[in-house]
Structure formats: C-alpha cells, structure tokens
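Hi,

Here is the structure I promised to send over. Have a look, and my notes on it follow below.

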Amino acid sequence: MRSDSPNDSRIIESWHQNADSWTTAVRDHQIESRNLVTNGAVVEAVLDRRPGTVLDIGCGEGWLARALHAHGIDVLGVDVVPQLVERAAAAGGGRFEVASYEQIGRGALKVRVDVAVANFSLIGKESVDALVANLPSLLNRGGALVIQTLHPVVAAGEQGYEDGWREGSWLGFSDAFSNPAPWYFRRIETWVRLLVRNGFRIADILEPMHPISNEPASIVFVSKMPG
Ligand SMILES: C[S@@+](CC[C@H](N)C(=O)[O-])C[C@H]1O[C@@H](n2cnc3c(N)ncnc32)[C@H](O)[C@@H]1O
C-alpha cells in the first residue's frame, strides 16, 4: 500500500521494515516515557469518555487495544502493516484489520465507534489530513477523538516552531531499527485547526509531565463531535 505523497509513502515503507523491532521495543517495555507517562495518559483519556466501542488507529502490535479490552471495551485496531496486525491478532484482546489512513480517508472503513484513538500514530501530512476528515463519519453522535502525539513545543528542534516535514531518527531506540521515515511537524494551533475544520470541538488538551525531564512527555488532544 502506498500514498500519493512521497513522504507519506516513506512512512509506510519504514513501518513495514521496522515491524519486528517495534514489537520487541513495545513488548519488552524499552521506551521509558511510555512506561512512566504516556501509556497511562492515553488509557485514562479514553476511559474518561466511558466508551463501549473504540477504534485504535495505527494500532501497531496492539498493546492499547489489549489494555482497553481489559476494561470490557470492544476494540477494533487498524494498521497499514500486515505483520503488526498479525502480531496484534495473535495476542488477542480485540479485532484487528489491515487498513491505511489513505483508505480510511477514502471511506473504506465501515464502522461506528464511541471513541477513536491514535497513540503516536499520526505521523504524516496528506494521509493524516485525509484520515481526520473522514473520522466524523466513523463516530457515534457525541463521540470523541483522542490523539496523543509528541508535544510540538518540546519536539520543535532546530527547525523552530514551524509546520513542515522533518527528518526522522531512531535516536534512543535499539540498533535493530533502520530507515527512519520523515514526519510532519504541526504546531499546536495547526492540530487544533485540523480538528475544528473537520467539525470537532476541543474538549480538553492534556500535557502529561515526564517526572525526570520535567517537560511534557506528550500532548493529548481530546475532541468531540456534537452530541
Ligand atoms: C509509533 S507506532 C504507534 C503504534 C501504536 N499506536 C502504539 O501506541 O504502540 C505508529 C504506527 O502507525 C502506523 N501507521 C503509520 N502510517 C500509517 C498509515 N498511513 N496508515 C495506517 N497506519 C499507519 C504504523 O504502521 C505504526 O504501527
């Protein structure tokens, strides 16, 4: 599966190549900020909405679906990488399907859920714009979208606080990772505009703090469709 945008295509290619390394990193708890802060933050943000059904967008090897399933929630996880979807399905705790944001953006996914959640999985530009534009059609009335991502102020780096493509890096990850993909940096106001222009109302913005660096470990946008 490819995207019409070269950079969005490189993201998909990179995740195909790194599916094994990613599964190991997540399942061996190798990512400290996840263990200390961000896993708990996203689970709590979803549970706060008291959903019966959840769509886990870019579910990877499926840890979030399993965590939500343990709370009695019916979860569908989707991801573009078949190998990750197979890993997730083998571990259980939800239903899992191969689907790209590009396909979802074109209306290929026919489900209705109470909450859609994307945990560090909205990486590209055109693919993400198309996905978010289609999400209202997948949410029940009053449904919510929870996005956890890098905190733009913390992640801005040398290129400054400007929207645009950034070179990727696996800094801090094991040597097993290769071919880092570019990622699209969005300012906070750009995230908010993307949500608002697609009919969402911002319900909350969370900045979970990292206890060691004393900087936000992430940002979580909780947005709602009208009830
Ligand atoms: C950083 S991982 C996060 C995985 C999972 N949400 C987690 O918290 O462990 C990013 C995920 O987004 C998926 N992804 C990236 N671009 C995608 C696209 N265009 N369509 C579907 N999935 C995509 C990748 O395959 C990968 O599993």
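Which ligand atom does a polar side-chain atom of Asp-79 lie close to, and at what distance? It is an oxygen atom of the ligand, 2.6 Å away, which fits the polar contact cut-off (a pair of N or O atoms within 3.5 Å).

Before the rest, some ground rules: this is a predicted model, where local features need pLDDT of at least 70 and side-chain atom pairs count only at pLDDT 80 or more, while totals for chains, interfaces and linings use all residues. Residues are numbered from 1 along each chain as its sequence is written, and side-chain values use heavy atoms, with hydrogens and water left out.

Back to the ligand. A nitrogen atom of the ligand sits 3.2 Å from a side-chain N or O atom of Glu-102, and a backbone N or O atom of Val-80 is 3.3 Å from a ligand nitrogen. The protein covers 97% of the ligand's own 590 Å² of accessible area (Shrake-Rupley, 1.4 Å probe).

There are 21 residues around the ligand, and Arg-34, Gly-58, Asp-79, Tyr-101 and Asn-119 come nearest (a heavy atom within 4 Å counts as near). H1 gives the most to this shell, with 3 residues (helices are DSSP H or I runs of at least four residues, numbered from the N terminus).

Away from the ligand, I also looked at a helix pair. The axes of H7 (residues 126-134) and H9 (residues 188-197) come within 9 Å and cross at roughly 40° (lines fitted to C-alpha atoms over the stretch in contact, angles from 0 to 180 degrees between N-to-C directions). That makes H7 oblique to H9 (not under 35, over 145 or 65 to 115 degrees).

Cheers

Technical notes: Polar contact = N/O pair within 3.5 Å; in protein donor to acceptor, adjacent residues only side chain to side chain. Helix = DSSP H or I, 4+ residues; strand = E, 2+ residues; numbered from the N terminus.
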